[in-house]
Amino acid sequence: ATPTAIMVGTGKGAELGILIKSGEALEVFHKTNVVVLDKTGTITKGVPELTDIVTTNIYDEMQILQIAASIEAKSEHPIAKAIVDKASQKGIKLKETTAFKNVVGHGIEAIIDEKTILIGNKRLMEKYEIKLGQTLKITDELASAGKTPMYLAIDKTLSGIIAVSDPIKPSSVNAIKQLKAQGLRVVMLTGDNEITAKAISNQVGITEYVAEVLPEDKKDEVEKLQIEGNIVAMVGDGINDAPALAIADVGVAIGSGTDVAIESADIVLMKSDLNDVALAIDLSNKTIKNIK
Ligand code: ADP
Ligand code: MG
């Protein structure tokens, strides 16, 4: 495309709330055949709410919530906020927490009242050899409903299950339909567990997903697709997504996302609307065609 065509396209994008940071992205976008979408905050609202507390031994629901919130108060994860908010709504006073440790992609650990507390996914429990027994049935059921279940262990004994729900954005269904209508292969990428990932992808009409991806591995998933010969666009919002956005042929950040994601992307969706991905591809098409 000529510099003039790029300028026109970029200007048109700006009018639509699509910030195009590099002219090259506009030239490449129409060649894309795979769109990778991050789940949390991209397909979903990214603002989870606590929905379930299940107790599995001597602790009651309020105690489980108090312990969980006391530790999560030190975490920056969106899941943490959901738990802390619920405790605050219930007027629960937080306990003193020491030795806080974030186990990336797994959960957290800390000490309360001289007891070791673990909160996180199945992988975290496996790492510490916590027996899950019959509770797997409960967590599978929660996950099938699209919720994210987490285990809470106190001194190596499973003591509770907490689930959060992060609803999909109403616009996601249509946005994904449009991308498919454009002939694109759509893949969802998430750190969340397999069953929840399946439920959410189902809700939005995505058949291909990769679950339980560690934050540092998202980039590798994009690279894998590129090595297979695909031209890959990555859409994301989180700090975790930044390396994947940077390596993708076209990196697209959600405007309401983190600064790091926005900095790493070629295109920013100022309205934070996934429908604008299809619109941006259209724009790229028109930019190229106009100036042949
Ligand atoms: P994503 O944000 O895509 O879900 P993460 O790698 O941040 O991916 O988290 C993966 C999983 O690790 C979460 O779904 C959750 O089960 C667990 N986890 C991460 N952080 C926390 C936390 N602060 N408290 C409890 N569980 C957590
Ligand atoms: Mg995200």
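This report describes the sheet of a predicted model and the surroundings of its ligand 1.

The sheet is open and consists of 6 strands, which follow one another in the order β3-β8-β7-β6-β5-β4 with antiparallel pairing. Its edges are formed by β3, residues 49-55, and β4, residues 98-103, each of which pairs on one side only. On average, and with direction ignored, neighbouring strands of this sheet are turned by 15 degrees against each other. Within the sheet, β6 (residues 115-120) and β7 (residues 148-154) run antiparallel and are joined by 4 bridges, and G120 has Y151 in β7 as its bridge partner. Helix α5, spanning residues 78-89, packs on the sheet, where it touches β3, β7 and β8 (157-165), and the direction of this helix makes about 75 degrees with that of β3.

Ligand 1 is surrounded by 19 residues, of which E72, S75, H77, N121 and G191 are the closest. By class, the residues of this shell comprise 5 nonpolar, 12 polar and 2 charged. The sheet contributes to the shell as well, since β5 (107-112), β6 and β7 each supply at least two of its residues. The table lists distances from an oxygen atom of ligand 1 to an N or O atom of three residues.

| Residue | Part of the residue | Distance to an oxygen atom of ligand 1 |
|---|---|---|
| G105 | backbone N or O atom | 3.4 Å |
| N121 | side-chain N or O atom | 3.3 Å |
| D192 | side-chain N or O atom | 3.5 Å |

Of the 540 Å² of accessible area that ligand 1 has on its own, the protein covers 93%.

Notes. Residues are numbered from 1 along each chain as its sequence is written. Chains are lettered from A and ligands numbered from 1 in the order in which they are written. This is a predicted model: local features need pLDDT of at least 70, side-chain atom pairs count only at pLDDT 80 or more; totals for chains, interfaces and linings use all residues. Side-chain values use heavy atoms; hydrogens and water are left out. Two strands pair if DSSP finds at least two bridges between them. Axes are lines fitted to C-alpha atoms, for helices over the stretch in contact, and angles run from 0 to 180 degrees between N-to-C directions. Contact means heavy atoms within 4.5 Å. A residue is near a molecule or strand if one of its heavy atoms lies within 4 Å of it. A polar contact is a pair of N or O atoms within 3.5 Å; within protein, one must be able to donate a hydrogen and the other to accept it, and residues adjacent in sequence count only if both atoms are side-chain atoms. Accessible areas come from the Shrake-Rupley method with a 1.4 Å probe; for residues, only the protein chains shown count as cover. Ala, Val, Leu, Ile, Met, Phe, Trp, Tyr, Cys and Pro count as nonpolar, Asp, Glu, Lys and Arg as charged, and the others, Gly among them, as polar.
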